[in-house]
Amino acid sequence: MFELTFLGTAAAVPSAERGLSAMLVAKGPNRFLIDCGEGTQRQLMRAQLGFRGLGHVLLTHLHLDHVAGLAGFLATRQLYQLEGAIEIVGSQETVAFADRYLSVTIGSEREAGYRLRAVSPGPVLTRAGWHITAVPVAHRGTESLGYLFEEEARRALLPDRLDALGVPAGPERAALVRGDPVVLADGRRITSEMVQGPSTAGAKLAIIGDVQEVASLIAPVRRADALVIEATFLERDAALARSRGHLTAATASRLARDAEIGELLLTHISGRYKPEEIQAEAAGLFPRVRVAADFDRVGVNARLSF
Ligand SMILES: [Zn+2]
């Protein structure tokens, strides 16, 4: 399971209700900030999440409404004397921008307790049983990235099989859970395959920032249990959406339908529309949709069936 908290759901400019782009993904004690628009540090406090355990910031792209909160956020971490450097991840272009911006505001990596890491589309981070992958995203000529959080498929041990084969509780069963074979007291060798049930899929969470087309995203986000993506415009302003390099709610929901998504979560909400209008346009094509609000929390679990 991944836990997602929306911290800022506004497009381009903040409003009284909506902060600029940021969200937090938690997996056990590991916490990741996705984008860091202006004011994100205060949104973290208001959400009662604080800064602890937050080891990475994953940036989708270099536009100011997604990165301008970094300097203030890092400066506060420094004042609190939080231990351990925080890693800021993004494309080559995004990281080069963050480097220039942070060097002249709070100082170099060594002075200010952060580390920059440029990544290409592909693996970003691997932990036992889950991983993060970056995917390329098209948005106004930027080097943008989306991020996939995925648990690996698991095969649980079957208690009936363990009992029938006489595998005692304790270290033998723990070894089989890890995938290691064991030799019982009577000399029989038992492998994991002999006592495992069928494979069950892990949870998949896809987070895409600003984006101008969705055809290239169908394969990478396919069958995600939750997809977070922008819906800056409505179909009646489709020409404006195209010229600004953004999506309409209908296009976002077409992606969700074509990629067999579990739940569609729309963000980057423009003040020019009522959220109900965005919801209605998207739901016409894909009913499992909601327009995110600041401080919404969503648990992302693997679907049992679909
Ligand atoms: Zn934006």
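1. A residue counts as buried here when its relative accessible area is under 20%. By that cut-off Asp210 is buried, because its relative accessible area is 3%. His66 is buried as well, at 1%. Keep in mind that this is a predicted model.

2. Both residues belong to the zinc site. The protein donors are Asp65 (OD), His66 (NE2), Asp210 (OD) and His268 (NE2). They lie 2.1 to 2.3 Å from the zinc ion. Along the sequence the donor residues follow the spacing D-H-x143-D-x57-H. His66 sits in helix α2 (residues 64-67), while Asp210 is in the loop between β12 (204-207) and α9 (218-221). The pair therefore ties together parts that are 144 residues apart in sequence.

3. The zinc geometry is irregular, because the four donor atoms subtend angles of 90 to 165°. For four donors to count as tetrahedral, all angles must lie between 85 and 135 degrees. The ideal tetrahedral angle at a metal is 109.5 degrees.

4. One open sheet has seven strands in the order β6-β5-β4-β3-β2-β1-β16, with mixed pairing. Its edges are β6 (114-118) and β16 (297-300). Each has a single partner strand, so one side of each is left without a neighbour in the sheet. Neighbouring strands of this sheet are turned by 20° against each other on average, direction ignored.

5. Within that sheet, look at β1 (residues 2-8) and β2 (residues 22-27). They pair in the antiparallel sense over five bridges. Leu4 has Val25 of β2 as its bridge partner.

6. Two helices lie across strands of this sheet. Helix α3 (residues 70-79) lies across β3 (30-34), β4 (54-58), β5 (86-90) and β6. Helix α3 runs at about 165° to β5. Helix α4 (residues 92-105) lies across β5 and β6, at about 155° to β6.

7. Another open sheet of seven strands is ordered β7-β8-β9-β12-β13-β14-β15, again with mixed pairing. Its edge strands, β7 (122-127) and β15 (289-291), each pair on one side only. The twist averages 15° from one strand to the next.

8. Strand β14 (residues 263-267) pairs with β15 in the parallel sense, over three bridges. Leu266 stands opposite Val291 in β15. Helix α12 (residues 275-283) lies across β14 and β15 and runs at about 160° to β15.

9. The model holds 12 salt bridges. One of them joins Glu151 to Lys27, with the closest N and O atoms 2.5 Å apart. Glu151 is in strand β9 (residues 144-151) and Lys27 in strand β2, so the pair ties together parts 124 residues apart in sequence. Glu151 and Lys27 are both buried.

10. Arg115 and Glu87 also form a salt bridge, at 3.8 Å from N to O. This pair links strand β6, which holds Arg115, with strand β5, which holds Glu87, 28 residues apart. Arg115 is partly exposed, at 43% relative accessible area. Glu87 counts as buried, at 11%.

11. A further salt bridge joins the side chains of Glu260 and Arg222 (3.0 Å, N to O). Glu260 lies in the loop between α11 (249-258) and β14, and Arg222 in the loop between α9 and β13 (226-230), 38 residues apart. Both are partly exposed: Glu260 has 31% relative accessibility, and Arg222 has 36%. As for networks, salt bridges that share partners join Glu87, Arg115 and Arg117 into one.

Terms used
Residues numbered from 1 in each chain as written. Predicted model: local features only at pLDDT ≥ 70, side-chain atom pairs only at ≥ 80, totals over all residues. Heavy atoms only, no water. Donors = N, O, S within 2.8 Å, 3.2 Å for Na, K, Ca; no water. Tetrahedral: all angles 85-135°; square planar, octahedral: opposite > 155°, others 65-115°. Helix = DSSP H or I, 4+ residues; strand = E, 2+ residues; numbered from the N terminus. Buried < 20%, exposed > 50% of the residue type's maximum accessible area, 1.4 Å probe, protein only. Pairing = 2+ DSSP bridges. Axes fitted to C-alpha atoms, helices over the stretch in contact; angles between N-to-C directions. Contact = heavy atoms within 4.5 Å. Salt bridge = Lys/Arg side-chain N within 4 Å of Asp/Glu carboxyl O.
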